[in-house]
Each structure stands twice: as structure tokens, then as C-alpha cells.
Amino acid sequence: MPGVISKHLTQLSSATGIPETSLHRAICVAVVALYYGKIIHPKLVSLMARNSTLNPKRAARKDLNDNKQDVLAEQDSTEAAIKNIEKLGLQKENQKKNPTVNKAFLFQLQKLLKIMVPSVWSRESGILTSHTLTLIVRTFLSIYVAMLEGRMVKYIVRRDVKNFSFMLLRWLLVALPATFINSMIRFLESHLAMRFRTRLVRYAYKLYFDHQTYYRVSNLDGRLENADHCLTDDITAFTSSVAHLYSHLTKPILDLVLITVSLYNIGKGMGGSGVPGPLLAATVIFLTGQILKAVSPKFGKLVADEANLKGYLRYIHSRIIANAEEIAFYNGHKVELNHLNRAYKAVCDQMISIFSQRLWYIMLEQFLMKYVWSGTGMIMVSIPIILGNKDPENSKDGGVSARTQYFTTAKNMLASGADAVERLMTSYKEVVELAGYTSRVGNMLDVFKEVGQGQYEKPSIKGNSKSGQRQWETLRLTVKHGVPVATGELTEYSDGVISLDDVPIVTPNYDVVVPSLSLKVVKGMHLLITGPNGCGKSSLLRILSGLWPVYRGKLHKPPAEDMFYIPQRPYMSIGSLRDQIIYPDTLEEMKNKKMTDKNLDMILQQVHLAHIVRREGGWDAAADWKDVLSGGEKQRMGMARLFYHKPQFALLDECTSAVSIDVESQIYQAAKDADITLLTITHRPSLWKFHTHLLQFDGEGNWTLEPLNTETRLTLKEEKQRLEAQLSGIPRMQDRLQELCVLLGEDSTTPDSQEAETSSSD
């Protein structure tokens, strides 16, 4: 290619009469000008804009000049998606700051490293030690191979076939362990990443499942909606980045130290000074680092935003899956498709933005590290040869072979050293990207810990309004940082008593449904809970189950094993038919309770599901039970779990709404016969007879607790329904009377009005 260009320039020079050197200079000036205009100038403008934001007056002028551009930029899908993430609370406040290499990053990384490498004698420490030794061996092999190649070139120049063949054989023999070491480095790096991931996943899973954090982090706290993404993709990316960065930093540092020492020694051996070369290399490397640091994009923020956008896309997918039936009923697939397309486009735009910024950065990086450093390396190699005053050998070729050996060896070492420095320089991007992953994983673990300790935050509600805070304070709720905090007292004893003393019912959005509730339920006191929708019936059961915090007052209840909650839609777990009844027990725990399959058969007979075992192929049959069983069968399976666990109290939330009334009555009677105290939410009057007390909410925050006289209440309800049916027909009868009067041409005066007219005339 250069020969073709030179040929055309010669022809152009002869045709125009312009000297060829002038044409060369003009082309060089044009190339430099284009490079400045396309790369250097935009970077300088961005740096000046970044600095100008520190000056309020400049920033104000810039805002006025770019007002139209800002309005258009807000319509960009990427920014819109990020705003949606912030509105939904998918991004913690301190995550909105750009993740970068600072003290906070180092502190978080140190905490995570202590989790991944718990002690010096751990397995991870052994893998790290082996990995480090392998990297050291690889560096010595690189230096040894470079020296072998230098000797081979020396014997080629001397035309010494015997020694050349011997060196070639040694070179081939060294290649076997060298290739094994290279493969071992990759193996140990992958194995180290897997061990790091295993440690971190186990630690995160423990936090996630302690204190029902898996429920609270998504229902009571709003900082981490996409916990599944953080527990999978973010942890994988973080551990892989840490393991790769360790080898990507350790080996180049070892290469630099050992290669610098070797170059100094062989340079002194040629009779030259060993100081100018390394000093020149250090100066060029320092200047290169400063230039790249000045023009480097914010890779940490870009990676963090990309991870957030991917989490938002997964969140949209999960919403569609969770609400597929409702979306299908409304035929709302177009709206959901638009949401998905916008979220996906935001991810694509973010990735294209990263690719574009890496394009120009890597171009400048390669120019400095490949061509500028190569020129510097040639100067370093030439200094001992040109300025050296020592004849290495008294040979017939005048030391040409020795200088050739030095040049080849030094060139190979410089190539390895330049590669090491290049990896160190490029690792800055990886360190900044690691800062992004560290921020997400570290913040996830911090949220898990705080939620496990009962500290909740709702970014969308925090500091919402002063009127809301005044309302909370009026209701005697403790408010900190703009939201109520749980200060109630919770005690658990197996004494068969549930007691609430001045306990408010507060939703996760801090809406106070019931300002104060005080009641006492003892064993054998079957409580029926009624009221309109949204009055706090299910909320009360969540507080009793320990899912929602106690914001004020005292709650005394039995431990979790003495209370069993059955929702309207029972959860069907993964596993066999047996696992559905004994959930959450395992087969081993079932055997420890002295329970057998015959006991389970009797339980299924109580809930009228004895045919299920034969129909599905036995107790060990496995299937997707949420699809195999009907709605009524799933509800009866939930009641079967109640008879298996036999708690003191059963919290039943419309749990038999899909079961026939006769079977439902038999199940409730069996539960009472098993000495299980019932706390039931239902709208069926047929269940009133199984309860002794009634807790009724009015939907306005008020409530009443009274004994339940089933016969009297049912008689009154029947009379009420009969009167409602009679009164509902009166408007229709009046309309028909008016029609008849019109047809007969008579006055449409009602009997009441006629009677009134008669009395007035009297």
C-alpha cells in the first residue's frame, strides 16, 4: 500500500511540477487536521463542557442556549426508560451517582472480597496462590523463550547449524510446558470466578431468605425491585470481572518488573547505560496514561445504566407474565408491546452509545500504545548498540551476531513489556466497569441487611408531603427521614393467645387503614372477619403472620410454627404430589414427625381429594401442579396442609371460595374437631355457624368485636334479603302503572297521592 501511494505521488509530482516532499507534507497535514477535527477537538469540547458546569453563570448560559436540544433529548427512549426506573424505585438514590474508583468503591470491594475469600486457609486462597504461582512461572518462561530466540538468531547469523538445531529443539521442548501454563491460567481464572460466585451467591441467598427478606424487599421496600437480576447477572458479572482483573493486573506487573531487570542487565552487557531506556519508557507511559485518563468516557456510569436498563426490561417481562390473564382479557397486547419495544430500544441505544464511545477511545489508545510505544521501543533497543563501547565477543564477524542476539532478545522482551503495560492501561476501563458492578452488588447486599433488620425505604413515597407526615404524627406514629418506622413491640409465646394492644394497620405504602386495633383471641375462640374491600381484613392476617411490621403498640402471638396461613390462591411448589401436602416440610422432616403416606391418604379423604393419588400416578408423581390441579382442588390441597401441620391457629383468607358449600362445611367442621382455632375471612354466610365471634370493619378505620349469634344473625339476614327483593320490585310496578294510565287515558295519580288529596279536601 505505501508503495502504491508513493508511485502515485511521484506521477503527480512529475505532472504538476510540485516537489514530492511538498506533497508528502501536505498529505500529513491533512491527516493530522482530520484526526484533530474528528477525535481531539470533540474530546476537548466535552472536557471544557464538563468543567464549565462548575461555573453557575456558564452553566446558566449553556442551559439557555441548549433549551431546545434539552426538550428534544428528554424524548429519547433511553432517558425515558431511566426516568421510569427512577419512578418505579428500581434505582437506589446513591446508585444515581456515577460509580467510579473512589473510597466508597474500595470500601465496598473490600467487604465483598472478605466474603469471597473468608480466610487464608480457605479453598479460594489456595486457588489464588496457585494462580499467582502459575502467572510467575509464565513470566519466567516468556523471558526464557525470548533469550532462546535471541540465541537462535545469533546462530543463524553465524550459520552454525548444529547449535541452531540444538536451540530449536530446546525451544520446542519449552513450548510444551508454556502452552500448558497458558491453559492452566485460563482454567484457574475460570475456577476462581466460579468459587467467588459460589461464596457470594450463598451469602446473598442466606440474606435473601433470612427474616423473610425475599418478601419484604419487594413488598415493603422499594429500593430493589429487580432482585432476581442482581442475584444472577450482576453477581456473575462482578465475580468474573474480579477474577479476570486479578490475572489482568498481576501478570503485567510481574512482567514489567522482571523484564525491566532483564533489559537493564543485557543493556549493561552491551557496554551501554541501562538508565536512559527505562527512563524514556516511563516518561512515555506516564504521558500516555494522562492523555487516556483525560479523554476516557465514564465507563462506570455507562455500565451501571446498562445494567439498570436490562433490569427494567426484565421487570417489564415479569409484569406481563404475572398479569398475562388480565392483559389478555383487556386485549392490551399493543400497549404492553409498546412498553417492551421502548425498554428494548433503550437497552440498544445505551449499548450503541457505549460501542460508539469505545470506538474513538480504543482508536486513540491503539495509536498511542502500538505506534508511539513501538517507536519508543526502537529507540530503547538502539541506545545500547549505538552508544555501547564494549565488544561482547572476539568473533570473526566483529560482534554482529552478538548485537543481533541482543536486538532480537530485547525486541521480544520489549514486545512482552509493551503488552504488559497496554494491559495495565486498558485495565482502567475494566476497573471502572468493576466499580459499576461492585456498586450494584454491594448496594443489593446492603438493602438485604437493612430490610432484614426492619429498615425499609420507599423512594417514591419518601418525603412525599408535609400533610402526610402530619397525619402520621397525629396517629402517634414515629416518623424518621420522612416515613413512619416500626416501633411496636412483638412477643411470641406458645400460650395459645393472640393479643393486639393499640396496633395500627399500616400498608407498605404507609396508608393507615385502621388507626388502632385492640383485641384478644384465645384458643377455641373462632373469629370471623368481615368488612368491605380494602378495610384491612387481609392486612390484619399479614401482621399476625409477621409479614408486615408493627408500627405502634404491642402484638403478642404464638410462634410461626403454631400459626398457618392459607390464602385464596394456594402456592403449588416444585416437586411430587407428596410435597404439595407437606409443604414447607421436606420428606425427611415428614418422617421425623412419624408421618407416613397412609396418614396423608387420610388427610386427602378429609378434604375429598383421595382420588388425586390414583389419578396422578402415586405420591411420587411430579408435575406442574398449578396447571394440573383445578382451582377447587388447589384450595382443598391448601386445607390438606392445614390438617398435616395441625397448628394452634389457622388464618384463612377466602381459602375455600372455589369449593362447594357441602364440602366446605365438612372441612371446617373437621378443622374444629382437630382443635384448630379459626380466624376466617369469608363472604359466605354458610360458614358463620363455625365461628363464635365477629370482627367487623366498616372501611372508615372503625371496627367492632362482638359474640356471633349465628341463628339470630342468619334469621335477620334472610329477612333483610326478603325485604330487599320485595322493595326491588316497587319501581317496576310503579312504571307499569303509569303505562296503563297512559293507555286508558286516566290520571296517573298513585294511590298514596289520591289518599292525600282526599284528606286535604276533608
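# A tour from helix H20 to the loops

Select helix H20, residues 597-606, where Leu-600, Ile-603 and Leu-604 are buried. These residues lie on the same side of H20, because they cover an arc of only 100 degrees around the axis. Turn to the face of H20 directed away from this buried side: Lys-598, Met-602 and Gln-605 are exposed there. The model is a predicted one.

Keep the buried residues of H20 selected and add their surroundings. They pack against helix H18 (577-582), helix H19 (587-592), helix H21 (611-616) and helix H23 (631-645). Then step past the end of H20 to His-608, which follows the helix and has a positive phi, near 60 degrees.

**The loops around H18**

Go to the loop between H18 and H19, where Pro-584 lies. The peptide bond leading from Tyr-583 to Pro-584 is cis, and its omega is near 10 degrees. For context, most peptide bonds are trans.

On the other side of H18, select Ile-574, in the loop between S8 and H18. Is Ile-574 buried or exposed? Its relative accessibility is 85%, so Ile-574 counts as exposed. Draw a distance from the C-alpha atom of Ile-574 to that of Ala-622: the value is 8.1 Å, for two residues 48 positions apart along the chain.

**The six-stranded sheet**

Now display the strands S8, S9, S10, S6, S11 and S12, which form an open sheet in that order with mixed pairing. Strand S8 (563-566) and strand S12 (703-707) are at the edges; each has a single partner strand, so one side of each has no neighbour in the sheet. From one strand to the next, the twist averages 15 degrees.

Begin with strand S9 (residues 649-653) and strand S10 (residues 677-681), which pair in the parallel sense over five bridges. To inspect one of these bridges, select Leu-652, whose partner in S10 is Thr-680. Next add helix H17 (residues 537-545), which packs on the sheet and touches strand S6 (527-530), S8, S9, S10 and strand S11 (693-697). The direction of H17 makes about 145 degrees with that of S9.

Move to S6. Which strands run parallel to S6, and through how many bridges? S10 is joined to S6 by three bridges, and the two run parallel. S11 also runs parallel to S6, with four bridges between them. Ile-529 is a useful residue to select here: its bridge partner in S10 is Ile-681, and its bridge partner in S11 is Leu-695.

Look at the two faces of S6 next. In a regular strand, side chains alternate between the two faces of the sheet. Both faces of S6 are covered: Leu-527 and Ile-529 are buried on one side, and Leu-528 and Thr-530 are buried on the other.

**The nonpolar cores**

Select Met-444, Leu-445 and Leu-544, which touch the most other members of the largest nonpolar core, a set of 72 residues. Colour domain 1 (101-272 + 433-456) and domain 3 (489-715): both give residues to this core, so the core lies between them.

Centre the view on Met-444. Leaving aside residues up to four places away in sequence, Met-444 touches Ala-204, Leu-224, Cys-230, Leu-231 and Ile-235. Another core, of 37 residues, lies apart from the largest one; among its members are Met-639, Ala-640, Val-663 and Leu-687.

**Two loops with positive phi**

Two more loop residues are worth a stop. Most residues other than glycine have a negative phi. Select Lys-646, in the loop between H23 and S9. Lys-646 is not a glycine, yet its phi is positive, about 50 degrees. With 60% relative accessibility, Lys-646 counts as exposed.

Then select Asn-331, in the loop between helix H13 (324-330) and helix H14 (333-387). What is the phi of Asn-331? It is near 60 degrees, again a positive value in a residue other than glycine. Asn-331 is exposed as well, at a relative accessible area of 54%.

**The whole chain**

Finish by zooming out. The secondary structure of the chain comes to 26 helices and twelve strands. Of its 762 residues, 40% count as buried. Among contacts with a separation of 6 or more, 76% are between residues 24 or more positions apart.

Notes: Residues are numbered from 1 along each chain as its sequence is written. This is a predicted model: local features need pLDDT of at least 70, side-chain atom pairs count only at pLDDT 80 or more; totals for chains, interfaces and linings use all residues. Side-chain values use heavy atoms; hydrogens and water are left out. Two strands pair if DSSP finds at least two bridges between them. Axes are lines fitted to C-alpha atoms, for helices over the stretch in contact, and angles run from 0 to 180 degrees between N-to-C directions. Contact means heavy atoms within 4.5 Å. Buried means under 20% relative accessible area, exposed over 50%, partly exposed in between (1.4 Å probe, protein chains only). The arc is that of the directions from the helix axis to the C-beta atoms. A nonpolar core is a set of buried Ala, Val, Leu, Ile, Met, Phe, Trp, Tyr and Cys residues joined through side-chain atoms within 4.5 Å. Domain bounds come from an automatic or database domain assignment.
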